[in-house]
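User: Please take a close look at the largest cavity in this model. Tell me what lines it, and set it in the context of the chain.

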Amino acid sequence: MPSALLNNVSPPIMLTDKPRVMEGVRRKEVAVCPTDDDAIALRTKKPHKQSLDYIWRTGVAGGLAGCAAKTVVAPLDRVKILFQASNPQFAKYTGSWFGVGTAMKDIYREDGTRGLFRGHSATLLRIFPYAAIKFLAYEQIRSVVIHSPEHETPFRRLISGSMAGVTSVFFTYPLELIRVRLAFETKRDSRSSLSSICKQIYNEVPSPPRATAHTSSPAIVNVATHAVDAIKPQYGLSNFYRGFSATIMGMLPYAGMSFLTHDTAGDVLRHKSISKYTTLPKPSNSPINKPPPLRSWAELFAGGIAGLVSQTSAYPLEVIRRRMQVGVRWEMGIACMLGRRHG
């Protein structure tokens with residue numbers, strides 16, 4: 001009897017039912033694992049890091065993070081600028097271990113809390129686009145330079161960070177120069193507004209080179225020198241990029257070491273021996289290759305280490321940059337100080 005029933009079933013029907021069963025199994029497998037949906041979606045949609053939603057979220061997050069960080073350290077940042085540019089009024093504090101605290105106390109006594117945040121408005125105008133462009137450029141450059149986890153090497157991280165830093169500083173350097181000028185001023189009666197600082201920078205003429213008595217140049221060299229000086233721009237928009245060369249040279253190690261150290265510290269903190277203390281549970285919709293997120297204190301620690309290493313590596317070039325940025329203002333301050341001493 002069973003053999004008779006089997007004989008009554010046609011073979012084509014059995015063959016057509018098999019693909020249906022397999023299709024149902026595939027659908028169940030896709031529904032069970034959410035990451036499979038992400039993998040299939042990536043074949044038809046553009047990559048996640050190139051999507052408009054990811055771009056604006058990364059930019060806004062980076063800008064807000066930069067504004068928050070600069071606001072917290074604004075008083076220390078102003079004292080640092082005064083020390084680096086050798087402001088005549090604060091030069092006496094630079095050789096002491098307690099010079100930073102004493103300088104902050106003097107600023108607070110003269111101008112109050114507002115004096116500690118002198119130039120902070122220009123800082124916020126600069127830091128939001130700077131940090132936004134830097135983090136956004138890093139993610140985009142990283143996705144091109146580092147195609148897969150196999151290509152993630154320290155050198156590629158360093159290159160990605162350096163290129164991101166150069167990109168961000170190119171677009172925001174004039175605001176950086178304005179911020180430094182505002183922070184460098186200490187006289188209450190000669191303080192400048194944002195618009196007046198811009199006018200001063202635009203109209204400044206660099207001081208002529210100092211002549212030496214023991215050297216003499218041929219007449220043809222003097223004629224050529226005067227001809228070049230006559231046609232080269234002495235003022236204008238180029239003044240807003242004073243010190244840009246030193247900034248670029250310092251940004252390459254600074255931004256590169258910053259992102260390299262941050263990513264390396266993140267890898268160390270995600271090590272399996274301590275990951276249960278430093279990481280959060282991985283979200284269910286997170287991509288397979290993406291590491292679990294760090295806890296707040298671990299992320300803060302990684303960022304602090306990155307800032308310490310990057311700032312130390314680029315600090316000598318930063319001092320040169322500050323001297324070039326204050327330019328004429330620094331020479332005027334020295335002249336005023338000498339005038340007071342010698343009557």
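Analyst: Start with a residue outside the cavity list, for context on burial. Cys67 has a relative accessibility of 15%, so it counts as buried, the cut-off being under 20%. Cys198 reaches 26%, and therefore counts as partly exposed. The disulfide count is 0.

The model is a predicted one. Its chain has 343 residues, and 33% of them are buried. The secondary structure is 14 helices and 0 strands. Read along the sequence, the pattern is therefore α-α-α-α-α-α-α-α-α-α-α-α-α-α. Contacts reach far along the chain: of those with a separation of 6 or more, 74% join residues 24 or more positions apart. The accessible surface is about 21700 Å². Carbon and sulfur atoms hold 67% of that surface.

Now the cavity. The structure has 1 cavity of 30 Å³ or more. The space in the largest cavity is about 70 Å³.

Which residues line the largest cavity? The lining consists of Lys70, Ala74, Asp77, Arg78, Ile81, Arg118, Gly119, His120, Thr123, Arg179 and Ala183. Sorted by class, the lining holds 5 charged, 3 polar and 3 nonpolar residues. Lys70, Asp77, Arg78, Arg118 and Arg179 are the charged members. Gly119, His120 and Thr123 are the polar ones. Ala74, Ile81 and Ala183 are the nonpolar ones.

Three helices each give at least two residues to this lining: α5, α8 and α9. Helix α5 covers 74-84 and supplies the largest share, 4 residues. Ala74, Asp77, Arg78 and Ile81 lie in that range. Helix α8 spans 120-145, and the lining residues His120 and Thr123 belong to it. Helix α9 spans 154-184, with Arg179 and Ala183 among the lining residues.

One backbone detail follows α5. Ser86 sits in the loop between α5 and α6, the latter covering 99-111. The phi of Ser86 is near 55°, a positive value in a residue that is not glycine. Most residues other than glycine have a negative phi.

To sum up the cavity: about 70 Å³ of space, a lining with 5 charged residues, and α5 as the source of the largest share.

Notes
Residues numbered from 1 in each chain as written. Predicted model: local features only at pLDDT ≥ 70, side-chain atom pairs only at ≥ 80, totals over all residues. Heavy atoms only, no water. 1 Å grid on protein atoms, 1.4 Å probe; cavity = no way out; pocket = protein on both sides within 12 Å on 5 of 7 lines; lining within 4 Å. Points joined across faces, edges and corners; volume = space filled by probe spheres on them. Disulfide = S-S within 2.5 Å. Buried < 20%, exposed > 50% of the residue type's maximum accessible area, 1.4 Å probe, protein only. Contact = heavy atoms within 4.5 Å. Areas by Shrake-Rupley, 256 points an atom, 1.4 Å probe, with all protein chains shown as cover.
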